[in-house]
Amino acid sequence: MFDFSGQVAMITGGAGNLGAAAARAFYRAGARVAVLDRHRETTTEVLGQDVPEGEFCAYVTGNLLDETSVAAMVAEVYNRFGRIDILLNTAGGYRAGTPLHATPNETWDLMMNLNARTVFLMSRAVVPHMIAAGRGKIVNVAARAALQGAAEAGPYVASKMAVIRLTEALAAEVADNGINVNCILPGKMDTPANRAAQPAADFSRWVSPESMANVILFLASDLARDINGAAVPIYGRG
Ligand SMILES: NC(=O)c1ccc[n+]([C@@H]2O[C@H](COP(=O)([O-])OP(=O)(O)OC[C@H]3O[C@@H](n4cnc5c(N)ncnc54)[C@H](OP(=O)(O)O)[C@@H]3O)[C@@H](O)[C@H]2O)c1
């Protein structure tokens with residue numbers, strides 16, 4: 001359906017549920033893929049044993065919360081492939097379950113850092129390469145939950161709303177550089193963790209990581225060249 005031949009897609013959280021599905025989809029669509037995550041043993045499994053590291057695949061490990069590590073990861077990908085066409089920021093996480101007045105600083109810091117700071121650091125490191133190339137696509141992952149505050153999830157919803165606003169701000173800055181910046185708003189994704197947390201739910205109403213990846217590939221394609229600064233809902237039937 002899509003053809004990313006000759007392009008390089010760099011994916012943070014690439015060993016996670018959504019990141020791995022997107023990495024496989026980009027690879028199948030002809031892209032050279034850089035999978036970024038923090039544990040080498042899970043990262044190197046993403047594209048399977050038939051795809052060794054090399055011309056079409058790079059497995060890059062580091063800490064996305066650390067500015068120096070982010071710079072090193074971006075440099076490694078750029079040095080390997082000589083270009084970065086697509087940045088997909090999937091790294092993120094969820095903590096909830098305490099009212100605000102009982103929420104420790106650590107939860108606030110983790111949510112803001114893991115969900116928002118990672119997008120900030122990675123975009124800041126990659127955008128100069130895209131501006132120099134005169135083209136690029138960035139897709140961030142916010143959440144449906146960001147659109148409405150919910151009890152006992154304050155830091156999470158605030159951090160994902162930050163992703164939406166960062167997306168809009170960056171999109172406005174680089175629109176004239178041939179760069180599109182958009183985010184998706186996943187509803188409930190069909191993951192092992194969500195199934196374990198809600199065993200009685202109808203999983204067919206949730207969205208598979210593979211289906212989310214299809215929307216991401218569309219946003220990263222030239223078919224979506226006129227979409228910029230959008231927050232695209234992907235709710236399935238949830
Ligand atoms: N699941 C849902 O229903 C849902 C709903 C709305 C939005 N989302 C968002 O969708 C995105 C993807 O979700 P997912 O289920 O695919 O998440 P996931 O499976 O937890 O994947 C995230 C990946 O990022 C890695 N990571 C975390 N911190 C890192 C760091 N400091 N440096 C490098 N890598 C790091 C994780 O490693 P570890 O496994 O070692 O931590 C993991 O491999 C997230 O942004 C999430 O908030 C998910």
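**Exercise 1. Describe the lining of the largest pocket by residue class, then place the pocket in the fold.**

Solution.

Step 1. In this predicted model, the lining of the largest pocket is made up of 16 nonpolar, 15 polar and 6 charged residues.

Step 2. The space in this pocket amounts to about 1,300 Å³. Of its 37 lining residues, Asn17, Gly92, Gly93, Tyr94 and Met189 are the closest to the centre.

Step 3. At least two lining residues come from each of helix H1 (17–28), helix H4 (105–133), helix H5 (154–174) and helix H6 (192–197).

**Exercise 2. Work out how H4 and H5 are oriented, and list what joins them.**

Solution.

Step 1. The axes of H4 and H5 lie 8 Å apart, and the packing angle is about 15 degrees.

Step 2. Angles under 35 degrees count as roughly parallel, so H4 is roughly parallel to H5. The crossing of the pair is right-handed.

Step 3. On the H4 side, the contact includes Thr107, Trp108, Met111, Met112 and Phe120. On the H5 side, Pro155, Tyr156, Lys160, Leu166 and Val174 are among the residues involved.

Step 4. Sorted by class, the contact of H4 with H5 holds 16 nonpolar, 4 polar and 1 charged residues.

**Exercise 3. Give the geometry of the H3 and H4 pair and name the residues that meet.**

Solution.

Step 1. Helix H3 (residues 67–81) and H4 cross at roughly 35 degrees, and their axes come within 9 Å. The crossing of H3 and H4 is right-handed.

Step 2. H3 contributes Glu67, Val70, Val74 and Tyr78, which meet Leu121, Met122, Arg124, Ala125, Val126 and His129 of H4.

Step 3. This contact of H3 with H4 contains 7 nonpolar, 1 polar and 2 charged residues.

**Exercise 4. Decide how H1 and H7 lie relative to each other, and describe their contact.**

Solution.

Step 1. Between H1 and helix H7 (residues 209–220) the packing angle is about 55 degrees, with the axes 8 Å apart.

Step 2. The roughly parallel class ends under 35 degrees and the roughly perpendicular class runs from 65 to 115; H1 and H7 are therefore oblique to each other. Their crossing is right-handed.

Step 3. From H1, the contact takes Asn17, Leu18, Ala21, Ala22, Ala25 and Phe26. From H7 come Pro209, Glu210, Met212, Ala213, Ile216, Leu217 and Ala220.

Step 4. By class, the contact of H1 with H7 has 11 nonpolar, 1 polar and 1 charged residues.

Step 5. Return to the pocket: Asn17, part of the H1 contact with H7, is also one of the lining residues closest to the pocket centre.

Notes
Residues numbered from 1 in each chain as written. Predicted model: local features only at pLDDT ≥ 70, side-chain atom pairs only at ≥ 80, totals over all residues. Heavy atoms only, no water. 1 Å grid on protein atoms, 1.4 Å probe; cavity = no way out; pocket = protein on both sides within 12 Å on 5 of 7 lines; lining within 4 Å. Points joined across faces, edges and corners; volume = space filled by probe spheres on them. Helix = DSSP H or I, 4+ residues; strand = E, 2+ residues; numbered from the N terminus. Nonpolar A, V, L, I, M, F, W, Y, C, P; charged D, E, K, R; others polar. Axes fitted to C-alpha atoms, helices over the stretch in contact; angles between N-to-C directions. Parallel < 35°, antiparallel > 145°, perpendicular 65-115°, else oblique. Left-handed = near helix turned anticlockwise from the far one by under 90°. Contact = heavy atoms within 4.5 Å.
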